[in-house]
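Colleague: Hey, got a minute to walk me through this one? I'd like to get a feel for it before class.

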Amino acid sequence: MKVTCVHVNVKPEYLREFTEAIVENHKGTRTEQGNIRFDVLQQVDDPCRFMIYEVFESDEAVKTHK
């Protein structure tokens, strides 16, 4: 199992566009073979900060995702 945490700081003027794009990314990633989890967490006290939590079965699944 391979876990990756990605921290993202979004400029306020791009928040809506980022949110729309990450929702589509989430939908696509969840259908990929070897994906176990793909969670998008938004910080409560700073809505421009996100953490993406990705879990894949193997290095090969990660490679395919990228």
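Colleague: First up, what share of the 66 residues in the chain is buried?

Modeller: Buried residues come to 27% of the 66. Keep in mind that this is a predicted model.

Colleague: Okay. And how many helices and strands does the chain have?

Modeller: Two helices and three strands. Going along the sequence, you meet them in the pattern β-α-β-β-α.

Colleague: Those two β's in a row, β2 and β3, what do they form?

Modeller: A hairpin, with six residues between the two strands. Strand β2 covers residues 35–42 and strand β3 covers residues 49–56.

Colleague: Do they run parallel or antiparallel, and how many bridges join them?

Modeller: β2 and β3 run antiparallel, and seven bridges join them. To pick one pair, N35 has F56 in β3 as its bridge partner.

Colleague: Switching to the outside: which residues make the nonpolar surface patch?

Modeller: That would be M1, V3 and I36, and the patch is about 310 Å².

Colleague: Where does V3 lie?

Modeller: In strand β1, which covers residues 2–9.

Colleague: Why can V3 count towards a patch?

Modeller: V3 has a relative accessible area of 46%, so it is partly exposed and clears the cut-off of over 30% for patch residues.

Colleague: Nice. And what about the accessible surface of the whole chain?

Modeller: About 4800 Å², with 52% of that belonging to carbon and sulfur atoms.

Colleague: Last one: what does the C-alpha trace span along its principal axes?

Modeller: About 35 × 20 × 15 Å.

How values were computed: Residues are numbered from 1 along each chain as its sequence is written. This is a predicted model: local features need pLDDT of at least 70, side-chain atom pairs count only at pLDDT 80 or more; totals for chains, interfaces and linings use all residues. Side-chain values use heavy atoms; hydrogens and water are left out. Patches are made of residues with over 30% relative accessible area and no salt bridge: like charges are joined within 9 Å, nonpolar side chains (Val, Leu, Ile, Met, Phe, Trp, Tyr) within 5 Å. Accessible areas come from the Shrake-Rupley method with a 1.4 Å probe; for residues, only the protein chains shown count as cover. A salt bridge is a side-chain nitrogen of Lys or Arg within 4 Å of a carboxyl oxygen of Asp or Glu. Helices (H or I, at least four residues) and strands (E, at least two) are DSSP runs, numbered from the N terminus. Buried means under 20% relative accessible area, exposed over 50%, partly exposed in between (1.4 Å probe, protein chains only). Two strands pair if DSSP finds at least two bridges between them.
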